[in-house]
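These are my notebook entries from a session of looking up how the helices and strands of one chain are put together. I wanted to follow a single contact first and then work outwards to its surroundings.

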Amino acid sequence: MKSEKIDERNRQLETESKKHIWYPFTQMRDFVNEKPVIIDEAKGCILKDIYGNEYIDGVSSLWTNVHGHGKEKIDLALKRQIDKLAHSTLLGLSNTPAIQCAKKLIEIVPKGLTRVFYSDSGSTAVEIALKMAFQYQQQSETGNREKTKFISMTQAYHGDTIGSISVGGIDLFHEIYGPLLFDSFKTESPYCYRCPLKKTYPACNLECLDRMEELMKAHSHEVAALVIEPLVQGAAGILVQPPGYLKRVRELCTRYNILMIADEVAVGFGKTGRMFACEHEGVVPDIMAVAKGISGGYLPLAATLTSEEIYQGFLGKYEDFKTFFHGHTYTGNPLACAAAIANMEIFEEERVIEKLQPKIEHLSNELKSLIALLHVGEVRQRGIMVGIELVADKNSKVPFPPKDKIGHRVIVEARKHGLIIRPLGNVIILMPPLAVSMEEISKLCEITYKSIRIVTES
Ligand SMILES: *Cc1c(COP(=O)(O)O)cnc(C)c1O
């Protein structure tokens, strides 16, 4: 195309982007006055916009991308699959990639999870986990009909559907829907930087877990399951749980006969430095939800995995109606499953987790300079997941007021220097693909440092 033609096309895309799309998690009134960044291509960890500007993909296209964009093995797997079968239903039929993908998943998840129920987003994977736990208690011989409620954590994020919001704890996203939600018992999350119990780790001896135990003691007769983001609460701003926390949560669930649902949607597929976060503490949940990284960041796919015991609770004669009456239209989509198989094979063939370790260390070294900044309250890291909490005053930890849009201003500044990131309120999130190079890590941290400094100190 001639360059005037390209300019015209680009301007048209910008106009039409504002005219037709209602963007997620976005205040559209302000957004339409900003020049949108329109991504047109990507390779490795670099995104390219319609003008040819390049950016590091600093949040792995919202925590999904694993081995980089345009990864040859996944591209080829998809091309091969599309020539054979793009979609066929899993309702009453099966398909080859769905079977192979399930087998592969069972091989890599914590031992004890034996069954795979597919869906297409993290929210649905959690919604399914909640319904399964509830229905299991209602109808299984090993269940208990009194158990109809859930325990969830403050600051938790499990997705945007009504069920997953009901076990969510981020007021900004969830409060307005109050009248539509079912109640869940909340337990305080270990947000150690702003400890709700005003304690300090490790002197606290994880007192928050004593509170959790009290809650379980009082209500275990009516609680079906506890739902938790293991090791790291992602959308809360990368809140990292102290060592031993997760293991004790598992022990408490077992002791009080409460099913444990691990939402590995964000932390799964290598993000914490192990394939799954539960592995760090040798924890096997009863139900586990995975999504985001499962297809390597290529296509929408999710899975809810369960133990054999949960699965058995749904067996019976047809007329007993123990069936799990749930299933989304694109469930087990062959293309998405083909991408997921290739994704999991790459982990093995390229020893991705092993090669990730020095990158995690390098990232941690590069982040050290940030904590010295005047308005950086805390830098939290687990694996490749980073949360940088900005504060108006470092001593008192007083946050910036929402109207300052401080996080947003930092990420807009970062764009000017060739980095795409996304804030969660006053927390700047970094979460590059696992394929990120050492040089890209350095650049990512350098631009983040510079952008925070420019926005908060001038
Ligand atoms: C993103 C996320 C979800 C929701 O996943 P969607 O695919 O956006 O529906 C659920 N749980 C956790 C922990 C997440 O980070």
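I began with the contact of H5 with H12, keeping in mind that this is a predicted model. On the H5 side I listed Pro-97, Ala-98, Gln-100, Cys-101, Lys-104, Leu-105 and Ile-108, and these meet Pro-334, Cys-337, Ala-338, Ala-340, Ile-341, Met-344, Glu-345 and Glu-348 in H12. Sorting the residues of this contact by kind, I found 11 nonpolar, one polar and three charged.

Next I looked at the geometry of the pair, where the axes of H5 (residues 96–108) and H12 (residues 334–349) come within 8 Å and cross at roughly 35°. I noted the crossing of H5 and H12 as left-handed.

I then asked myself what H5 lies across, besides meeting H12. I found that H5 lies across the strands S4 and S12 (302–307), and that H5 runs at about 135° to S4.

That led me to the sheet, which is open and has seven strands in the order S4-S12-S11-S10-S7-S5-S6, with mixed pairing. I marked S4 (113–119) and S6 (185–187) as the edge strands, each of which pairs on one side only. Ignoring direction, I read an average turn of 20° between neighbouring strands of this sheet.

Within the sheet I picked out S10 (residues 259–263) and S11 (residues 287–290), which run parallel and are joined by three bridges. There I found Ala-262 standing opposite Met-288 in S11.

Last, I turned to H6 (residues 122–139), which lies across S4, S5, S7, S10, S11 and S12, and runs at about 25° to S12.

Terms used:
Residues numbered from 1 in each chain as written. Predicted model: local features only at pLDDT ≥ 70, side-chain atom pairs only at ≥ 80, totals over all residues. Heavy atoms only, no water. Axes fitted to C-alpha atoms, helices over the stretch in contact; angles between N-to-C directions. Helix = DSSP H or I, 4+ residues; strand = E, 2+ residues; numbered from the N terminus. Left-handed = near helix turned anticlockwise from the far one by under 90°. Contact = heavy atoms within 4.5 Å. Nonpolar A, V, L, I, M, F, W, Y, C, P; charged D, E, K, R; others polar. Pairing = 2+ DSSP bridges.
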